[in-house]
Amino acid sequence: MKLSANAIIGGVIVALVVTVALVAIFWTPFNPLALNMRLKLGAPDAAHWLGTDEFGRDVLSRLMAGASTSALVSILTVGFAVIVGTIVGVVAGFVRGWTDRILMTFNDTLLAFPGILLALGMMIVVGANKWGIVLALGFAYTPTVVRVVRGTVLSLREREYVEASRMIGNSAAYTMFRHVLPNCVAPVAVLATSMFGWVLLSESALSFLGLGVPPPAPTWGNMLAGARPYIQTAVWLGVAPGLCIALTLLGINLLGDYVRDRLDPRMA
Amino acid sequence: MIMTPPYTPDTPFLSIRNMRIEVARSGAPLIEDLSYDLHRGEFLAVVGESGSGKTMAARAIMRLLPAGIACTRGEILLDGEDLLKASAPRMHAMRGGKIGMVFQEPMVSLNPAHRIGDQMSEGMRIHTKLTKAEIRQRCVEMLKRVQIRDPEHCLNAYPHEFSGGMRQRIMLASVMMLRPKLLIADEPTTALDTLTQREVLDLMVTLAREEGTAVLLITHNLGLVARYAQRAIVLEKGRFVETGDVHRILRAPQTAYTRQLVEALPKRGDAVVPTSNRNAIIQVRDLAVTYRGNRTGLFKPRPAYQAIDGLDLDIHEGETVAVVGGSGSGKTTLGRAILRLVPAAHGKILYRGRDVLAGDRASLHAFRMACQLVFQDPHSSLNPRMRVRDIVAEPLRHCPMMNAQARRQRIDETLDEVSLGTLASRFPHELSGGQRQRVAIARALVRRPAFVVADEPVSALDMTIQAQVLKLFQTLQQRYGFACLFISHDLAAVEQIADRVVVMEQGKIVEQGLRDEIYDRPQHAYTKSLLEAAPQI
């Protein structure tokens, strides 16, 4: 399949974010945590390209450091939700019977809570740090994946090639992995890319509520939250992390569409 | 006002002149220079294989071509008016009003979210000024004419409450209610079994005669053409091949292509050698299969439905036993129950004398290794993410005796036998329906089974492809000598391939015997009606 312009744009944005996140681990223009009250709320200039915040910290450096945290958190969260959700969904959909009922009752109970509320509760238990966020948001988003995967599996298991696999003498587990699971990739890929967006936003929301990564460590979410009082006086404080979130989401979505098509032999 | 030219018997009602349909972007032609006439009250068949453009040619009359496909040249004169030049509002009045259309898939052509009554009256509301009560009255009358038992109830029901045949009759009723002057029927009965097919088409002919409607019947089934149409047009890849009286075309085709179509019609195979003196490979004794329906109330038990009801059947080594019957007769369930794909309520299934229902794991495994299934729908029986070669190779996973070299050899050999050697690295979506069915056959035969269940293996295919696949199946059976349970509602295909025929009705065998006996001297009334309904030439 030819690379479309969209796929290239998406790929470039995602590559850029990942590179910046990696670079930020070792180097940022300024120390993202260093306070300098003399420079507080400084407009962008030659030294501080994106200006400084209310404590005089360099916004660009904080954005870069924030990228590491935000990217790490969202990748781990989406990974957690997709892996756990797919396993539970495939088992429930393929095995059916009591296993299905018990898993789905538990799952639907989780789904009945608003995701962010569930995450809030989890955060209080696990503690407000990076790993807490990953676990909390992971749990909050897993039920959606379970639902989607189970639904797909239910329709796939009625296909005749699944019956053909039984006729060949393949075990249930083999049939599940060889014939059912690969055909779930498309809906899961779509879901995972949109989930990146939700997770970035939820992480921002949690940080905004003061339950995310604790200050002074920067994330895009708590930077956005911190910028709120200065939206009139220092626009760059809010615009910079906001744009980063929006662009990253765009990139992930474009790339996600490409990956989904790429994995489908009918589109290749 | 559009002036209608004075009617004279010799001016055609519909006249297509030099029509060309092409893909708008590339200019590739789908129909080239097609001309034909249709007279009032005439029954004209358009015949061709898939891809011949017969559906496009019909849709162009309604000006309902898919996006990106356009009619770029020619004239479509309906009663003297060129439909290609008609305005959009004029076409709205034409569709449904003057031209009616019945589609192939009754299961999807009615909207599942609306009541039958609302869907039937839609056309009347648009095209007439009748009141609601009058429309309802007409609907009831029309449903009576298409032999729906309780029309009042039917109007309040939803489509899922009806079988395919009933839905097609309802569809026909709602189209004919507006008394169109032209009825376009696009493969209207391809999805139905033989008995229902007969009912629906007989009804269509009766209604059309009574209303004086001209009918354009699009089909690939020459048997239907012979029975219902007066004249036929043969299309091949968008080109006009020949036209003329149906009986002349079938008896003395003028072109090589038509001859090929006629020759593809299934013919009775060689005289049957009785096989009952051979050993039985499968013995079914007093088999019953029960399906549970949905609960009707919270504490009521789920109603049981007997799909197979105390059935005995013997299949001998190397013979082909055909199971025929209408939809719902339990023939598919029988095949799956024998293979243990659906659980039996009681009874015995003996494979070479051993009970496979009671046997231990090892004997069940041996049974699985020796039996295979070929499915009806080649679109859903192949995993879309696997290449042809991998699909055919998969059954050999369970042959620990074969080394990699022997496996490779076996796969190549099998692929060559079904003439797919060059397509081994393709994905299923890159193959045609006939090629896919050959992949399914290769997968079933790669382990050299002793017994194969073929569930409607050719009903989803065109006549010519059907002939090829049946022939291939027969050749392979002669070579490897497997026994076969051939499930089909198509009596013509059965006549070509079967040694013995078993007729099923409502989960029971009503008649069985050698093929020639059943076809020449049917005893049971149900067998007679099946044979009677089968379109023949």
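**Reading a predicted two-chain model**

User: What pLDDT does chain B average, and where is the pLDDT below 50?

Analyst: Chain B of this predicted model has an average pLDDT of 86, and 96% of its residues score at least 70. Residues 1-7 of chain B are where the pLDDT falls below 50; that stretch makes 5 contacts in the model beyond near neighbours in sequence. As a general idea, predicted coordinates should not be read in detail where pLDDT is low.

User: And for the complex, what ipTM and pTM does the predictor give?

Analyst: The ipTM is 0.74 and the pTM is 0.79.

User: How many residues does each chain bring to the contact?

Analyst: Chain A brings 14 residues and chain B brings 21 residues. On the side of chain A that touches chain B, helix 6 (residues 160-168) of chain A gives the most, with 7 residues. By class, that side of chain A has 6 nonpolar, 3 polar and 5 charged residues.

User: Let's turn to helix packing. How do I read it?

Analyst: In general, two packed helices are described by the angle between their axes and the distance between the axes. Take helix 9 (residues 220-227) and helix 10 (residues 235-262) of chain A: their axes come within 8 Å and cross at roughly 150°. Therefore helix 9 of chain A is roughly antiparallel to helix 10 of chain A. The crossing of these two helices is left-handed.

User: Which residues meet there?

Analyst: From helix 9 of chain A come Trp220(A), Met223(A), Leu224(A) and Ala227(A). Their partners in helix 10 of chain A include Leu237(A), Pro241(A) and Ile245(A). This helix contact has 8 nonpolar, 2 polar and no charged residues.

Note on methods. Residues numbered from 1 in each chain as written. Chains lettered and ligands numbered in written order. Predicted model: local features only at pLDDT ≥ 70, side-chain atom pairs only at ≥ 80, totals over all residues. Contact = placed C-beta atoms within 7 Å. Helix = DSSP H or I, 4+ residues; strand = E, 2+ residues; numbered from the N terminus. Nonpolar A, V, L, I, M, F, W, Y, C, P; charged D, E, K, R; others polar. pLDDT = per-residue confidence, 0-100. Axes fitted to C-alpha atoms, helices over the stretch in contact; angles between N-to-C directions. Parallel < 35°, antiparallel > 145°, perpendicular 65-115°, else oblique. Left-handed = near helix turned anticlockwise from the far one by under 90°.
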